[in-house]
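Open your viewer, switch on the cartoon display and get ready to select residues by number. We will walk from one stop to the next, and at each stop you can check what is there.

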Amino acid sequence: MTKRYGILAHPAKHSLSPVMHNTAFKVKNMDAQYDFFDVAPENLEPFMNQVRHDPIMGLSVSLPHKQSVMKYLDEIDENALNIGAVNTVLSRDGKLFGFNTDFIGSNRALLSKVDSLKDKIVVVLGAGGSARAVAYGLLHEGAHVWIKNRTKSKGDAIAMEFAEKFPSEIHSEDWDNWYTGDILINTTSFWLHNRDITEEELPDFCDEEFLKEFDVVMDISYNNGLENFPDPLITPLLAMAEQEDCEIITGEKMLYYQALEQFSIWTEMVAPSRQMYEALMVGLGIEN
Ligand code: ATR
């Protein structure tokens with residue numbers, strides 16, 4: 001019988017996970033199919049019952065379900081519990097297990113450009129769900145984290161919670177304090193809310209005086225749909241960082257590396273990484 005997997009999200013139709021995982025199943029000759037499960041919050045409970053009984057073998061979980069899905073699971077691994085979000089569900093022997101591969105994706109994306117994160121000073125912009133996973137991954141690798149969020153209280157909450165769990169430092173700073181470090185990571189949804197932004201209107205975090213202090217700049221946004229910045233991977237932040245000779249890391253990398261990990265959790269096999277990356281590029285409309 002064909003094994004079923006899918007992306008649980010709302011909306012789900014823009015997800016690039018199906019192209020990556022269906023490609024992987026094909027390469028590995030698996031009788032498996034990965035679908036879109038667009039489930040509104042009020043339908044999550046019946047959907048999760050269906051996952052358990054139908055069964056669906058694995059789920060990628062995205063907004064708005066990463067936290068709410070947790071109460072329908074039998075076991076949640078320690079990292080996902082600490083982050084407070086599950087982005088991967090595995091169904092095995094009638095039980096549902098939750099994991100978080102976002103922090104692994106973020107770390108692997110960073111480690112594709114830096115040898116080690118140990119003792120690096122990293123400024124993280126934002127304090128939403130993505131920032132939590134990114135900051136957790138950084139602390140896990142021994143980096144020191146400065147969170148800067150528009151609403152400082154949200155950054156304070158993450159810093160307070162994670163400071164107890166790791167020996168390296170985590171602080172929360174005012175949005176207007178321009179701390180510098182080795183690595184800058186944008187996790188905010190700024191681009192999503194400013195699709196018509198022009199070069200003249202860029203936010204302060206794209207300022208060249210600020211950026212030139214960093215060695216590496218990562219933006220976890222991709223496929224921006226910005227009217228004046230047509231490259232789906234080069235956000236205005238990354239364009240400015242390139243001008244300041246920073247190494248840049250584009251947003252599809254985190255998605256890609258977390259998907260490789262997800263595939264391994266579901267199948268206990270090494271993911272066909274090259275083919276999955278090629279599929280992701282095709283999905284993004286980018287020629288390799
Ligand atoms: P995700 O799960 O992708 O992290 P989220 O939880 O909605 O999404 O978080 C979005 C983040 O982007 C928040 O940190 C938000 O700041 P606030 O906590 O102040 O809301 C940040 N953000 C969104 N729009 C922003 C803007 N125009 N300027 C600065 N930060 C912004």
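**First stop: a helix across three strands**

Select residues 236-243, which form helix 9. Helix 9 lies across strand 10, strand 11 and strand 12, and runs at about 165 degrees to strand 11. Keep in mind along the way that this is a predicted model.

**The sheet under the helix**

Now show the strands that belong with this helix. In which order do the six strands of this open sheet come? They follow the order 9-8-7-10-11-12, and the pairing is parallel. To find the edges, select 170-173 for strand 9 and 247-249 for strand 12; each of these edge strands pairs on one side only. Neighbouring strands in this sheet are turned by 20 degrees against each other on average, ignoring direction.

Next, zoom in on residues 183-186 and 216-219, which are strand 10 and strand 11. These two strands run parallel and are joined by four bridges. For one example, click on Asn186 in strand 10: its bridge partner in strand 11 is Asp219.

**The ligand**

Now select the ligand and show the side chains around it. Which of the 15 residues around the ligand come nearest? They are Ala127, Asn149, Arg150, Thr151 and Lys154. Try the distance tool on three contacts:

- From a backbone N or O atom of Ala127 to an oxygen atom of the ligand, you should find 2.9 Å.
- From a polar side-chain atom of Thr151 to a ligand oxygen atom, the distance is 2.5 Å.
- From a polar backbone atom of Ser189 to an oxygen atom of the ligand, the distance is 3.1 Å.

On its own the ligand has 650 Å² of accessible area, and the protein covers 76% of that. Colour helix 5 (129-140) and helix 7 (190-193) to see the elements that give two or more residues to the shell around the ligand. By type, the shell residues divide into four nonpolar, nine polar and two charged.

**The other six-stranded sheet**

Move on to an open sheet of six strands in the order 2-1-3-5-6-4, where the pairing is mixed. Its edge strands are strand 2 (32-38) and strand 4 (75-76), each pairing on one side only. Select 88-92 and 95-99 to see strand 5 and strand 6, which pair in the antiparallel sense over five bridges. Click on Ser91 here; its bridge partner in strand 6 is Leu96.

Two helices to add to this view pack on the sheet:

- Helix 1 (residues 17-27) touches strand 1 (3-9), strand 2 and strand 3 (58-61), and its direction makes about 165 degrees with that of strand 2.
- Helix 10 (residues 252-267) touches strand 1, strand 2, strand 3, strand 5 and strand 6, and its direction makes about 10 degrees with that of strand 5.

**Last stop: three backbone surprises**

Most residues other than glycine have a negative phi, and most peptide bonds are trans. With that in mind, select Asp54 and Pro55: the peptide bond between them is cis, with omega near -15 degrees. Pro55 sits in the loop between helix 2 (44-53) and strand 3. Then select Leu63 and Pro64, whose peptide bond is also cis, with omega near 0 degrees. You will find Pro64 in the loop between strand 3 and strand 4.

Finish at Asp119, in the loop between helix 4 (102-111) and strand 7 (121-125). Is its phi positive or negative? Asp119 has a positive phi of about 65 degrees, although it is not a glycine.

Notes. Residues numbered from 1 in each chain as written. Predicted model: local features only at pLDDT ≥ 70, side-chain atom pairs only at ≥ 80, totals over all residues. Heavy atoms only, no water. Pairing = 2+ DSSP bridges. Axes fitted to C-alpha atoms, helices over the stretch in contact; angles between N-to-C directions. Contact = heavy atoms within 4.5 Å. Near = heavy atom within 4 Å. Polar contact = N/O pair within 3.5 Å; in protein donor to acceptor, adjacent residues only side chain to side chain. Areas by Shrake-Rupley, 256 points an atom, 1.4 Å probe, with all protein chains shown as cover. Nonpolar A, V, L, I, M, F, W, Y, C, P; charged D, E, K, R; others polar.
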